[in-house]
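Q: Give me a close look at the largest pocket, please. I'd like to know what lines it and what the surroundings are like, residue by residue where that helps.

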Amino acid sequence: RLCQTNTAVREPAGESESENKLDGETASDSESKSEFGGSPPVPTSDDTPEVLNRALSNLSSRWKNWWVRGILTLAMITFFFIIIYLGPMVLMMIVMCVQIKCFHEIITIGYNVYHSYDLPWFRTLSWYFLLCVNYFFYGETVTDYFFTLVQREEPLRILSKYHRFISFALYLTGFCMFVLSLVKKHYRLQFYMFGWTHVTLLIVVTQSHLIIHNLFEGMIWFIVPISCVICNDIMAYMFGFFFGRTPLIKLSPKKTWEGFIGGFFATVLFGLLLSYVMSGYRCFTCPVEFNNDTNSFTVDCEPSELFQLQEYNIPVVLQSVVGWKTVRMYPFQIHSIALSTFASLIGPFGGFFASGFKRAFKIKDFANTIPGHGGIMDRFDCQYLMATFVNVYIASFIRGPNPSKLIQQFLTLRPDQQLHIFNTLKAHLVDKGMLMEN
């Protein structure tokens, strides 16, 4: 499994210095231990349910781990289908809950180091900064996607108008609180943890916000990328488990080239099939919009060209192999190849990054929330990188101007501003011959 990191290797006594360095510890790491109080005492094992321990007691540890992870994976996939069925609002809430849990797992590692000096306010400030960043991002989202609702309610309109100033003022308050919390002789440690918090916010909160933006473009942009990462995760583990022989990367000794390559081809095929099925349903392909009349989300629209079957010519070289000259498919399926390729070739580096982080602190997992899988962050290390790619991909190749949003903003202007825009647009259309001048 490409995204699941492994137990940090414990070196036996007498191992060489060079091998120690390969395991992630250098001389500078050893020196820093004296200042930071040693490795943080975080959980290093999963709490497997007793019923599974009894049922699988006769199996070897290798096959026991395989069954535990398999059963829990099926349970998580089932939960994923349930929240998709419940709709976009529930998905947004789940994304926020996952974000908070991932932030908690990473900050806890830092807190276990920081707490050894009993310095004030770190945990409080960490959660305060999380609140500030979420207020900023979710405020931007509400203003962007619920524009008419915001303009209709006076308190929301005022908050929207001064949203960025309020966000900046909240952050400055936290910044001043941090400066006031500085303790003599421990300045470097406190600034280290200040940076720890902000990097965590950048990795977790910013990218979870991009997931929500992808969701509003259409649930297919949310489901297909996440499913491709899950598929690659599972298939790479399966290929590696049964056929793996050649080590892939030292950061994750159990990863193999066989699993990496097998997961790639399986994920591309899975992406094509899933995209074909989902492209035929408007509830997946239409942008998620807020209906002001019913005060609810709607996903009804006329499907764009991306989700209409088209005929493509098969290259002459392949015609003799497949026996077809043309094939009918959705244009989105072509985009799904790019998504599944990224999920297979680049996405795993999010897992490798997390693996290197954990090896640096000599821990197996970020937490022991999910038996056989570790913490929530262990499951989403690749998903966050994938979310950023999807958002950049949509902005670069898919998204164009949104007429409905332009009209919404136009209607909020003063009458003289609306008239000026109308005359400018009319003159432009007359010059292009699209409108007859009266």
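A: One term first: a helix here is a DSSP run of H or I at least four residues long, and helices are numbered from the N terminus. Bear in mind that this is a predicted model.

Now the pocket. The volume of the largest pocket comes to about 880 Å³. Its lining is made up of 38 residues, and those nearest the centre are Thr73, Met76, Ile77, Ile230 and Arg379. Five helices each give two or more residues to that lining: H4 (61-86), H5 (88-114), H10 (187-216), H11 (219-243) and H17 (376-398). H4 has the largest share, with 12 residues. As for chemistry, 27 of the lining residues are nonpolar, six are polar and five are charged.

How does that fit with the annotation? An unreviewed UniProt entry lists several stretches as "transmembrane region", among them 66-86 and 190-212. In the model, residues 66-86 are 100% helix, and their end C-alpha atoms sit 31 Å apart. Residues 190-212 are likewise 100% helix with 0% strand, and there the end C-alpha atoms are 33 Å apart.

Next, the packing. The largest nonpolar core has 72 residues, and Trp221, Phe222 and Val224 touch the most other members. H4, H5, H10, H11 and H17 turn up again among the elements that give two or more residues to this core, along with H6 (122-145), H12 (257-278) and H15 (331-345). This time H10 gives the most, with 11 residues. Take Val224 as an example: setting aside neighbours within four places in sequence, Val224 is in contact with Leu274, Ser275, Met278, Phe332 and Leu339.

Let's move over to H17, which holds Leu385. Leu385 counts as partly exposed because its relative accessibility is 30%, and that class falls between 20% and 50%. Beyond its neighbours within four places in sequence, Leu385 is in contact with Gln207, Phe342, Ile346, Gly347 and Gly350. There's a long reach in sequence here too: Leu385 and Ser208 are 177 residues apart along the chain, yet their C-alpha atoms are separated by 9.9 Å.

For contrast, go to Phe129 in H6. Phe129 has a relative accessibility of 2%, so it counts as buried, the cut-off being under 20%. Outside the four places either way in sequence, its contacts are Tyr171, Gly174, Phe175, Phe194, Thr197, His198 and Leu201. One of those partners, Phe175, is 46 residues away along the chain, with a C-alpha separation of 9.0 Å from Phe129.

His163 is another one to click on, in helix H9 (163-181). At a relative accessible area of 4%, His163 is buried too. Leaving out neighbours within four places in sequence, His163 is in contact with Tyr135, Phe136, Gly139 and Glu140.

Finally, zoom out. The protein chain has 19 helices and six strands. Of its 438 residues, 40% count as buried. Among contacts between residues at least 6 apart in sequence, 72% join residues at least 24 apart, and the contact of Phe129 with Phe175 is one you can pull up on screen.

Notes. Residues numbered from 1 in each chain as written. Predicted model: local features only at pLDDT ≥ 70, side-chain atom pairs only at ≥ 80, totals over all residues. Heavy atoms only, no water. 1 Å grid on protein atoms, 1.4 Å probe; cavity = no way out; pocket = protein on both sides within 12 Å on 5 of 7 lines; lining within 4 Å. Points joined across faces, edges and corners; volume = space filled by probe spheres on them. Nonpolar A, V, L, I, M, F, W, Y, C, P; charged D, E, K, R; others polar. UniProt positions renumbered as here; feature names shortened; annotations may be inferred. Core = buried A, V, L, I, M, F, W, Y, C linked by side-chain atoms within 4.5 Å. Buried < 20%, exposed > 50% of the residue type's maximum accessible area, 1.4 Å probe, protein only. Contact = heavy atoms within 4.5 Å.
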